[in-house]
Amino acid sequence: MARTRRERTGKMPGRRQNKKLISGCIVAGILTAAVLGSLAYRTYKEQEDRHVTAGNSIDMKSGYRNITYNGKEYQYNSLITTILYAGIDSEGRMETNAGYTQAARADSISLAVLDKKHKKMTVIALSRDTMTEVRRYSMSGKDRGMYVTHLGYAYTYGDGGKASCENLREAVSELLGGIPIDEYAVTNQSSMTYINDLVGGVTVKVPNDDLSDRYPELSAGATVTLDDTNIRDYLHYRDTAEDLSNEGRIRRQQVYITAYVEQLKRQLQDDMDGTWKKLESMEDFLQTSITKNKYISLAKLLETVEFTSDDYCRPEGRNVVGEKHDEFYVDEEALREMVIGLFYEEI
């Protein structure tokens, strides 16, 4: 069988580096956003390229809103709000570059799905190593079309500002079959202490030993309150000389996010305006289309939804040690079923 488009990789920038801190956390995305429209689902030709058979192909009808899958009719749940978060591998003030393709890489990418109808929140954690279609630009900003590379490079190929955010939003939407991404927030390493301080620190039970050699206090099973002295080590550090080390970091983030959301809910109930002012103080390390009115509506929605560690999900697939970088290939059929389960209702 011919290889799928996701496996026909092009050249990818960058070289594997030794140990360093890299950014990651999705929580700011829960609070920051602005509504944007939707992207159309890919056509029959793209399904053919991915070898989707007639028995399980999706008929998009009027775009993403109404679909047919395995002979059943589905309708998009319009009471869902999606918030894209990305943590960028950079420090200091986040500024737009004069040229394209020079921005840092998105190292942590997640989508928060707030379902008002079912009063539930789900977080989809997307590996930055996911091989998928990403739009490329020349240094002058000319659109050079789509090609297959790591999802994290979608931010890199923009201008380090809005164009990078929008390019990442398009790539994630494409990966998820055209699901609209309503809102986005992007932060970098310098934002992590601000995010953690927003709720006064978070206490976690460390889930693995990935950090034990370097940080004995962060060994598996240890109960630790994360503050300015250790938050970046816990959330960001991984040994880039070790293959597939991003997997353990995602697990640590899952534990952190679950605890953080509960504290954040209490914080918003007690002091919604004060929380907004704290967010404003990190504006140099945050890129988002947020408005205060949107923040208020999101904060109120967050108070009404349930979220547990079971609501943190990751696409199925396979990890591959690539020539320069680790690569993750999603199981497209399993991903399609995940998307239908989260975003659609049978009619």
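These entries record what I looked up on helix packing and on one glutamate in a predicted model.

**Entry 1: α7 and α8.** I began with helix α7, residues 246-270, and its packing on α8. Their axes come within 5 Å and cross at roughly 115°. I therefore recorded α7 as roughly perpendicular to α8, given that the class runs from 65 to 115 degrees. On the α7 side I listed Q267, L268 and D270, and on the α8 side M272, T275 and K278. Sorted by class, this contact comprises two nonpolar, two polar and two charged residues.

**Entry 2: α8 and α9.** I then turned to α8 (residues 272-280) against α9 (residues 292-304). The axes of α8 and α9 lie 11 Å apart, and the angle is about 125°. The pair is therefore entered as oblique. I noted the crossing of α8 past α9 as right-handed. From α8, the contact draws on M272, D273, T275, W276 and L279. Facing them in α9 are K292, Y295, I296, A299, K300 and E303. I sorted the residues of this contact into six nonpolar, one polar and four charged. I also noted that M272 and T275 of α8 appear in the contact with α7 and in the contact with α9.

**Entry 3: E183.** Is E183 buried or exposed? I first placed E183 in strand β10, which covers residues 183-188. Its relative accessibility is 0%, so I entered E183 as buried, the limit being under 20%. I next looked for a partner of the E183 side chain and found a polar contact with the side chain of K294 at 3.1 Å.

Methods. Residues are numbered from 1 along each chain as its sequence is written. This is a predicted model: local features need pLDDT of at least 70, side-chain atom pairs count only at pLDDT 80 or more; totals for chains, interfaces and linings use all residues. Side-chain values use heavy atoms; hydrogens and water are left out. Axes are lines fitted to C-alpha atoms, for helices over the stretch in contact, and angles run from 0 to 180 degrees between N-to-C directions. Helices (H or I, at least four residues) and strands (E, at least two) are DSSP runs, numbered from the N terminus. Angles under 35 degrees count as roughly parallel, over 145 as roughly antiparallel, 65 to 115 as roughly perpendicular and the rest as oblique. A crossing is left-handed if the near helix is turned anticlockwise from the far one by less than a right angle, and right-handed if clockwise. Contact means heavy atoms within 4.5 Å. Ala, Val, Leu, Ile, Met, Phe, Trp, Tyr, Cys and Pro count as nonpolar, Asp, Glu, Lys and Arg as charged, and the others, Gly among them, as polar. Buried means under 20% relative accessible area, exposed over 50%, partly exposed in between (1.4 Å probe, protein chains only). A polar contact is a pair of N or O atoms within 3.5 Å; within protein, one must be able to donate a hydrogen and the other to accept it, and residues adjacent in sequence count only if both atoms are side-chain atoms.
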